[in-house]
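Trainee: Could you go through this one with me? I would like to start with how the helices pack and then move on to the interior.

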Amino acid sequence: MKTRTVKVGRNDPCSCGSGLKYKKCCLGKPGKGTEDLENLYAKKYGIRLKKPKDIEGIRKAGRLVLETLDLVESKIKPGMITDEINSLVHEFTINKGATPAPLNYRGFPKSVCVSVNEVVCHGIPGERMLDDGDIVNVDITSILNGYFADANKTFFVGTPGPDACKIVNVTRECLKRGLAEVKPGNSLGDIGWAIQTYAEGHGCSVVREFVGHGVGFEFHEPPQVPHFGQKGQGIRLIPGMVFTVEPMINLGKKELKILDDKWTAVTTDGSLSAQYEQTVLVTNNGSESLTPYDL
């Protein structure tokens, strides 16, 4: 990564956040266009850009997250209870010298979120048994040497039916399309637009209540990353930003409700919901997933 004291070129997005090119916005105005974007983004949006040593720390945490997801995938089968997944994640993470970020976070009682079928997110592992044909999302965030990385996948349990195949495939493609929009000069709205357009074009819906987020120094940092929106709207992306893209897509309607445990979110119509997530870095000329897996 080059230094993040970035000078804004004539055709670059203006650092004031207007969405216009610099030459059509603040060029020639006293004190504009030469501001340090790192300080600007910290002051205006609360976004802390990551330095090369930070990126490497998040990348290492990301490798651990992927190893943990691979372990879970190798063990998932019909008849397994979701608390067994929690035990796998917890023990593997601790044995690697890391900490499971969800454990005791704002009162969450387990080390991983496990969301089955109609559960949109934040499923608390327990006695629920996985049946043949289920889908199950496993959402893992690990803290390694003070750095956080976050990723999830939705897995098939046994042999999936056509509805399960559809929602999982659509959601995976939504993440792929959202990540493709991560590059300097694009906006957060470009990411949401790409996801929403694809999901709704296939008869599915996008959850509104939960969004992606900055990550790295903390579990959740600015900015929020909606999975719906309009092209060109929202904060402009600049090198050094690290955040998650994690679309939650429903086979039916977008509405959800929170259960009495105050964590588990489920679709109101009982339809299947799937999610995929990666932690992504905005680079000087594009992006890099810090939790990369094939989509």
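Trainee: When helix 2 passes helix 3, is the crossing left-handed or right-handed?

Mentor: The crossing of helix 2 past helix 3 is right-handed, and please keep in mind throughout that we are reading a predicted model. The two axes come within 10 Å of each other and cross at roughly 145°, with helix 3 covering residues 82-95 and helix 2 covering residues 52-75.

Trainee: Which residues meet in that contact of helix 2 with helix 3?

Mentor: From helix 2 there are Leu64, Glu67, Thr68, Leu71, Val72 and Lys75, and they meet Ile85, Leu88, Val89, Phe92 and Thr93 from helix 3. Sorted by class, the contact has seven nonpolar residues, two polar ones and two charged ones.

Trainee: Now the other pair, what are the angle and the axis distance for helix 4 and helix 5?

Mentor: Helix 4, residues 162-180, packs on helix 5, residues 188-201, at an angle of about 155°, and their axes are 8 Å apart. Since angles over 145 degrees count as roughly antiparallel, helix 4 and helix 5 are therefore roughly antiparallel to each other.

Trainee: And which hand does the crossing of helix 4 and helix 5 have, left or right?

Mentor: The crossing of helix 4 and helix 5 is right-handed. On the helix 4 side the contact residues are Val170, Glu173, Cys174, Arg177 and Gly178, while helix 5 brings Ile191, Ala194, Ile195, Tyr198 and Ala199. By class, the residues of this contact divide into seven nonpolar, one polar and two charged.

Trainee: Staying on helix 4, is Val168 buried or exposed?

Mentor: Val168, which has its place in helix 4, is buried, with a relative accessible area of 0%. Leaving aside residues up to four places away in sequence, Val168 touches Ile135, Thr154, Phe156, Ala274 and Tyr276. Of these, Tyr276 is 108 residues away from Val168 in sequence, yet the C-alpha atoms of the two are 8.7 Å apart.

Trainee: What about Arg172, how much accessible area does that one have?

Mentor: Arg172, also placed in helix 4, has a relative accessible area of 24% and is therefore partly exposed. With residues up to four places away in sequence again left out, Arg172 touches Tyr276 and Leu295. The C-alpha atom of Arg172 is also 7.5 Å from that of Gln275, although their positions lie 103 residues apart along the chain as a separation.

Trainee: Switching to the interior, which residues touch the most other members of the largest nonpolar core?

Mentor: Those are Ile76, Val138 and Phe243, in a core of 69 residues. Helix 2 gives the most to this core, with eight residues.

Trainee: Which residues does Phe243 touch, then?

Mentor: Not counting residues up to four places away in sequence, the contacts of Phe243 are Val182, Ile191, His213, Gly214, Val215, Val225, Leu237, Gln278, Thr279, Val280 and Val282. Apart from the core around it there lies another core, of six residues, among them Cys121, Val207, Met248 and Ala265.

Trainee: And overall, how many helices and strands does the protein chain have?

Mentor: The secondary structure comes to five helices and 15 strands, and buried residues make up 52% of the 295 residues in the protein chain. Among the contacts between residues at least 6 apart in sequence, 68% join residues at least 24 apart.

Technical notes
Residues numbered from 1 in each chain as written. Predicted model: local features only at pLDDT ≥ 70, side-chain atom pairs only at ≥ 80, totals over all residues. Heavy atoms only, no water. Axes fitted to C-alpha atoms, helices over the stretch in contact; angles between N-to-C directions. Helix = DSSP H or I, 4+ residues; strand = E, 2+ residues; numbered from the N terminus. Parallel < 35°, antiparallel > 145°, perpendicular 65-115°, else oblique. Left-handed = near helix turned anticlockwise from the far one by under 90°. Contact = heavy atoms within 4.5 Å. Nonpolar A, V, L, I, M, F, W, Y, C, P; charged D, E, K, R; others polar. Core = buried A, V, L, I, M, F, W, Y, C linked by side-chain atoms within 4.5 Å. Buried < 20%, exposed > 50% of the residue type's maximum accessible area, 1.4 Å probe, protein only.
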